[in-house]
Amino acid sequence: KAGTTVVAAAITNGPEMNLEGVQAGPKFMNLMGELMVAWAVVRSDGKVRNIAYYNIPELQFSQSTRDGVESGIKKFCPACKMRSVDISVANIANASPGIISDLQAHSDTDYLMFPTEDLTMGLPSAMKTAGIDIKTIAPSPTALVSSDTASTPSLSSPPAKAGSMSISGRT
């Protein structure tokens, strides 16, 4: 209908559809990845060296975020290494056991990075139970996350300003 406002958000193939400036598009998510690395470098006082990025290969925004993490490492932490671990979209709600197993096999991991906070569901308590104390960071649609992920710093974008973002940290 005439007069209806349409807001484009989270369109990962915006450029293909001639939609630039889309919140959560490839450029935006790439920037999110870079910011996560910058955040880790600052929060660790430059001591971060081994980053685990948990990728959802079926989702384009995850690939864009991973590319941003790789770019951020080149820009902000050339001494850092990134290990990319694939988690199927079918396992998002139950990713914690696999993440814990991965971390137990890679005890030198300094920081965990995720394309979405959805992969962190249950992770803080699972890490505590396993005796693992590693900082995590994930993009979030809002600065507010559930109490289960309260220890997860989050990058968020206010919906009122598509293409802008704020950094909200919780430790």
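This is a short talk on a helix pair, one buried aspartate and a disulfide in the structure above.

Hi everyone, thanks for coming. Please keep in mind that this is a predicted model.

Let's start with two helices. Helix 3 covers residues 96-105, and helix 4 covers residues 123-130. How far apart are their axes, and at what angle do the helices pack? The axes lie 10 Å apart, and the angle is about 40°. Helix 3 is therefore oblique to helix 4. As for handedness, the two cross in a right-handed way.

Now, who does the touching? From helix 3 we have S96, I99, I100 and Q104, and on the helix 4 side they meet L123, A126, M127 and A130. Sorted by class, that contact has six nonpolar residues and two polar ones, with no charged residues.

Staying in helix 3, have a look at D102. Is this aspartate, D102, buried or exposed? D102 has a relative accessible area of 12%, and since the cut-off for buried is under 20%, it counts as buried. Leaving aside residues up to four places away in sequence, D102 touches Y54, R83 and V85.

Last stop, the cysteines. How many disulfides does the structure hold? Just one. C77 is joined to C80, with an S to S distance of 1.9 Å. The torsion about that S-S bond is about 60°, so the disulfide is right-handed. Both partners are tucked away from the surface in the accessible-area sense: C77 is buried at 5% relative accessible area, and C80 is buried at 7%.

That's my tour, and I'm happy to scroll back to any part of it.

Note on methods
Residues are numbered from 1 along each chain as its sequence is written. This is a predicted model: local features need pLDDT of at least 70, side-chain atom pairs count only at pLDDT 80 or more; totals for chains, interfaces and linings use all residues. Side-chain values use heavy atoms; hydrogens and water are left out. Axes are lines fitted to C-alpha atoms, for helices over the stretch in contact, and angles run from 0 to 180 degrees between N-to-C directions. Helices (H or I, at least four residues) and strands (E, at least two) are DSSP runs, numbered from the N terminus. Angles under 35 degrees count as roughly parallel, over 145 as roughly antiparallel, 65 to 115 as roughly perpendicular and the rest as oblique. A crossing is left-handed if the near helix is turned anticlockwise from the far one by less than a right angle, and right-handed if clockwise. Contact means heavy atoms within 4.5 Å. Ala, Val, Leu, Ile, Met, Phe, Trp, Tyr, Cys and Pro count as nonpolar, Asp, Glu, Lys and Arg as charged, and the others, Gly among them, as polar. Buried means under 20% relative accessible area, exposed over 50%, partly exposed in between (1.4 Å probe, protein chains only). A disulfide is a pair of cysteine sulfur atoms within 2.5 Å.
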